[in-house]
Amino acid sequence: MNAFEIILGIVVILVSLVIIAVILLQQGHRAGVNGVISGGADTFLSKNKARTYDAILERSTKYIAIAFFVLAIIANVIALRK
C-alpha cells in the first residue's frame, strides 16, 4: 500500500462517520405527530427554523452520500489495478 491508498482509506472512513452523524441528527418524519397528540403548539418561527435546519441536513446528506460513493468507487478502481 502506498501513501495515496492509505490517505484515501482514511478519507473514506471519515466521510462514512460524517454521513452517519448527519443521518442521526435528522428528525424522523413522524416527529410532528407527537406534538399534535400531546397538544404541543409550535410557533410559526420555530416551525420554519426546524424546516430550514432539516432542509440543510437533508441537502448535506445527499452531497456527503455522493462523495462517499465516488470515493468508494475510486478506491475500488485503484485496488483492482494492482
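**Group meeting: a three-helix chain**

Hi everyone, let me start with the contacts: among those in this chain between residues at least 6 apart in sequence, 100% join residues at least 24 apart. Please keep in mind that we are looking at a predicted model.

So what are the elements here? The chain has three helices and zero strands, and from the N terminus on the order is α-α-α. Of the 82 residues in the chain, 13% are buried. The accessible surface comes to about 6700 Å², and 71% of that belongs to carbon and sulfur atoms.

Let's take α1 next. Helix α1 covers residues 3-25, 23 residues in total. From its first C-alpha to its last it reaches 33 Å, close to the 33 Å expected at 1.5 Å a residue. Which residues of α1 are buried? They are E5, L8, V12, V15, I19 and V22.

Most of those names come back when we turn to the core. The largest nonpolar core has nine residues: L8, V12, V15, I19 and V22, together with L57, I64, A65 and L71. Two elements, α1 and α3 (44-80), give two or more residues to this core. Helix α1 gives the most, with five residues.

Now for a look at two members of that core. Leaving aside residues up to four places away in sequence, L8 touches L71, I74, A75 and I78. My other pick is L57, which sits in helix α3. Is L57 buried or exposed? L57 counts as buried because its relative accessibility is 7%, and the cut-off for buried is under 20%. With residues up to four places away again left out, L57 touches V22, L25 and Q26. There is also Q27, 30 residues from L57 along the chain, and the C-alpha atoms of those two are separated by 9.6 Å.

Last stop, the aromatics. How many aromatic pairs does the count come to? One. The partners are F68 and F69, with 5.9 Å centre to centre and 65° between the planes, an edge-to-face arrangement. As for their surroundings, F68 is partly exposed because its relative accessible area is 25%, which lies between the 20% and 50% cut-offs. F69 counts as exposed because its relative accessibility is 53%, and exposed means over 50%.

To recap, we have a predicted model of three helices, with a largest nonpolar core of nine residues and one aromatic pair. Thanks for listening, and I'm happy to take questions!

Notes
Residues are numbered from 1 along each chain as its sequence is written. This is a predicted model: local features need pLDDT of at least 70, side-chain atom pairs count only at pLDDT 80 or more; totals for chains, interfaces and linings use all residues. Side-chain values use heavy atoms; hydrogens and water are left out. Helices (H or I, at least four residues) and strands (E, at least two) are DSSP runs, numbered from the N terminus. The expected span of a helix is 1.5 Å times one less than its number of residues. Buried means under 20% relative accessible area, exposed over 50%, partly exposed in between (1.4 Å probe, protein chains only). A nonpolar core is a set of buried Ala, Val, Leu, Ile, Met, Phe, Trp, Tyr and Cys residues joined through side-chain atoms within 4.5 Å. Contact means heavy atoms within 4.5 Å. Accessible areas come from the Shrake-Rupley method with a 1.4 Å probe; for residues, only the protein chains shown count as cover. Rings of Phe, Tyr and Trp (its six-membered ring) pair if their centres lie within 6.5 Å; planes under 30 degrees apart count as stacked, over 60 as edge-to-face and the rest as tilted.
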